[in-house]
Structures are given as structure tokens and as C-alpha cells.
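Grab a pencil and work through a few exercises on side-chain packing. Try each task yourself before you read its solution.

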Amino acid sequence: MKRDEVQRDSDKPLEIYLRERAREVDAALGRLLPKASVKPATIHRAMRYSLFAGGKRMRPILCLAAAEACAERDGNALFAACAVECVHTYSLIHDDLPCMDDDDFRRGRPTSHKVFGEGIAVLAGDALLTVAFEILAAIREVRRYQLKDFVAELAFAAGSKQLIAGQVADLEGEGRKSSRAELRFIHKRKTAAMIVASAKLGAMAANATRERVAAFARFGHYLGLAFQVIDDILDITQTSEKLGKSAGKDAAAQKITYPALIGLDAAREEARRLTASAHKALEPFGMKATRLRQLADYLLAREY
């Protein structure tokens with residue numbers, strides 16, 4: 001897509017933009033994943049069941065929006081966007097398992113292990129994590145970044161120092177008193193790491209300079225932290241029907257959250273402060289980052 005076409009696309013209302021980008025991601029995922037009939041059909045049905053369960057596609061949309069801020073819409077970032085969503089969905093499948101957060105609902109429908117059993121759910125998550133890198137391998141190298149750079153970025157975000165580290169700290173923090181620093185450690189890794197990776201991979205796919213990629217990383221960091229604070233708030237203020245998953249789970253499991261640590265009003269203020277910091281990280285991009293600013297405000301105001 002040419003620069004003027006990117007500009008026209010940025011003039012669309014955010015709601016239309018989100019729907020169009022989500023459809024674009026869904027269509028690509030439909031092409032890139034094995035069909036449900038491919039043997040063994042059970043695992044491919046399970047993969048697709050969770051992947052196409054109606055998620056908001058915020059991480060892949062963020063990836064695409066970062067690329068668009070660098071005037072790139074030729075489809076190269078779409079591979080990274082789909083890879084990120086596969087990793088995210090794998091993490092949700094595993095997070096819902098009885099040995100983890102033990103949830104029966106996700107995105108408004110029974111979780112994978114409730115439909116396919118725990119064994120197939122574990123394997124479906126494993127398969128989505130694996131296919132993410134198969135999808136990412138199709139990305140086109142650009143002048144500044146080789147395939148190994150894209151792979152290393154996603155692998156680091158999903159690994160034992162980031163996403164998995166956050167999951168471990170979250171499990172170990174249940175039922176015990178924790179500090180604000182420990183809570184920030186969890187949020188930075190369990191949630192923000194993949195949001196940072198989404199923004200960075202989109203910018204990298206558009207051949208952005210390393211300085212610009214670093215700015216997108218700062219944006220993703222603050223956005224990811226704000227996202228999790230809002231998630232924690234919604235867990236105690238919304239119904240299960242509204243959220244599409246079991247509400248009140250954090251309190252029942254005695255998880256450390258911002259509302260539990262500093263109170264609901266202070267948590268809301270923290271989310272606003274973090275969102276403002278995300279906006280500040282985008283200052284070098286001027287109007288080119290308008291869509292990213294809109295996404296940050298949209299996530300701050302969300303109700304599910």
C-alpha cells in the first residue's frame with residue numbers, strides 16, 4: 001500500500017479500522033493454519049477452536065498499526081501479526097488449564113480443556129506456539145532486519161525470561177503478600193512482553209530504524225502495563241457475561257493485582273498515568289502514530 005493509501009486508511013473511524021484489521025488477520029490465520037480436516041483432525045480442530053473464538057485481535061492489530069505508522073501496508077507485517085496471535089492464544093489455552101488458573105470459559109465459550117480434554121488442550125497450545133514460528137518464517141527480510149532478528153524477538157518475548165517468567169511469578173504470588181515491584185515484574189512479563197513484541201515486530205517489518213523500534217518498544221511497555229491494570233479492574237467490576245470469562249477469579253485465587261494492592265481508584269489513576277506515558281513515547285512520530293494513540297485510549301476505556 002502506498003503512503004497516500006495508508007493516510008486514507010488512517011482517516012477511518014477506529015471501530016471500522018478494528019473490524020477490518022481483525023478480518024484481515026482472521027483471513028490470514030485461516031489460510032496459514034492447517035485445515036480442521038487435516039489428520040489428526042482433533043488437534044487441528046482444537047487449535048482452530050481457540051484461535052477463532054472471537055478475540056479482539058489487539059496484539060496483531062497493534063503490530064499492523066505500528067507498521068502503518070512507518071507507512072507500510074504491503075502485507076509483510078501480517079505474518080508477524082499472525083505469529084503473535086498464535087503465541088497469545090497458546091498462552092491463554094495453557095493459562096486456563098486446571099493446573100494453572102483453572103478457568104472454564106474464555107472469550108464467551110468453554111475453554112479448550114473443557115471441550116477437548118486436558119491432554120489435547122496442552123498439545124493444541126504447544127502446536128500453536130510451534131506454528132507461530134512457521135508463520136513468522138514466511139516474513140520478508142528487509143534491509144535492516146534479517147529473519148533471525150524477527151525470530152529472536154518473538155522467541156525472547158515468549159520465553160522463560162518474559163511471558164513464561166510472568167506466568168511463574170503469577171502462580172508463585174498467589175495467596176501471599178507481595179510488593180508493587182513484584183506486581184510490576186509480573187505485569188511487565190505476563191502481559192507487556194508480547195505487546196512490546198507486537199509493536200516492535202510491526203516496525204521491524206516496515207524497516208524502521210532501531211531508534212524508532214526502541215520508541216515503539218517503550219510505547220508497548222507502557223501500553224501493556226496499562227492493559228493489565230485495566231484487566232485487573234474489570235475482573236472485579238464486570239460480570240462474567242460481559243468479560244467472556246469468569247469474573248472474580250483474581251480475588252478468589254488471592255492473586256496480586258493493583259486493585260488489591262492500592263485500591264480501585266488508585267488503580268484507575270495508574271492506568272491513566274501509564275496510558276499517558278504510552279502517548280509520550282509516540283511523540284517522535286507525530287500524526288503518523290494517530291492510530292496507535294487511538295488504540296491506547298480505546299484500551300484504557302474498554303469494558304471487557
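Below are four exercises, each with a worked solution.

A word on the ground rules: this is a predicted model, where local features need pLDDT of at least 70, side-chain atom pairs count only at pLDDT 80 or more, and totals for chains, interfaces and linings use all residues. Residues are numbered from 1 along each chain as its sequence is written, and side-chain values use heavy atoms, with hydrogens and water left out.

**Exercise 1.** Work out how many disulfides the structure holds.

*Solution.* Start with the cut-off: a disulfide is a pair of cysteine sulfur atoms within 2.5 Å. Now take Cys-70: its closest cysteine sulfur belongs to Cys-63 and is 11 Å off, so that's too far for a bond. Next, Cys-82 has the sulfur of Cys-86 as its nearest, 6.9 Å away, and is in no disulfide either. The count for the structure is zero.

**Exercise 2.** Classify the aromatic pair of Tyr-145 and Phe-150, then that of Phe-216 and Phe-285.

*Solution.* Rings of Phe, Tyr and Trp (its six-membered ring) pair if their centres lie within 6.5 Å; planes under 30 degrees apart are stacked, over 60 edge-to-face, and the rest tilted. Tyr-145 and Phe-150 come out at 6.4 Å centre to centre with 70° between the planes, which is edge-to-face. Phe-216 and Phe-285 give 4.4 Å and 25°, hence stacked. That second pair links distant parts of the chain, 69 residues apart: Phe-216 is in helix H11 (residues 210-237), and Phe-285 is in the loop between helix H15 (264-281) and helix H16 (290-301). Helices here are DSSP runs (H or I, at least four residues), numbered from the N terminus.

**Exercise 3.** Buried or exposed: which word fits Phe-216, and which fits Phe-285?

*Solution.* Buried means under 20% relative accessible area, exposed over 50%, partly exposed in between (1.4 Å probe, protein chains only). Phe-216 has 0%, so call it buried. Phe-285, at 5%, is buried too.

**Exercise 4.** Find the residues with the most contacts inside the largest nonpolar core.

*Solution.* Such a core is a set of buried Ala, Val, Leu, Ile, Met, Phe, Trp, Tyr and Cys residues joined through side-chain atoms within 4.5 Å. The largest one has 76 residues, and the top contact-makers inside it are Leu-33, Cys-86, Leu-128, Phe-216, Phe-219 and Leu-292. Helix H5 (residues 76-95) supplies the largest share, 11 residues. Apart from this core lies another of 15 residues, including Ala-192 and Tyr-258.

Notes. Helices (H or I, at least four residues) and strands (E, at least two) are DSSP runs, numbered from the N terminus.
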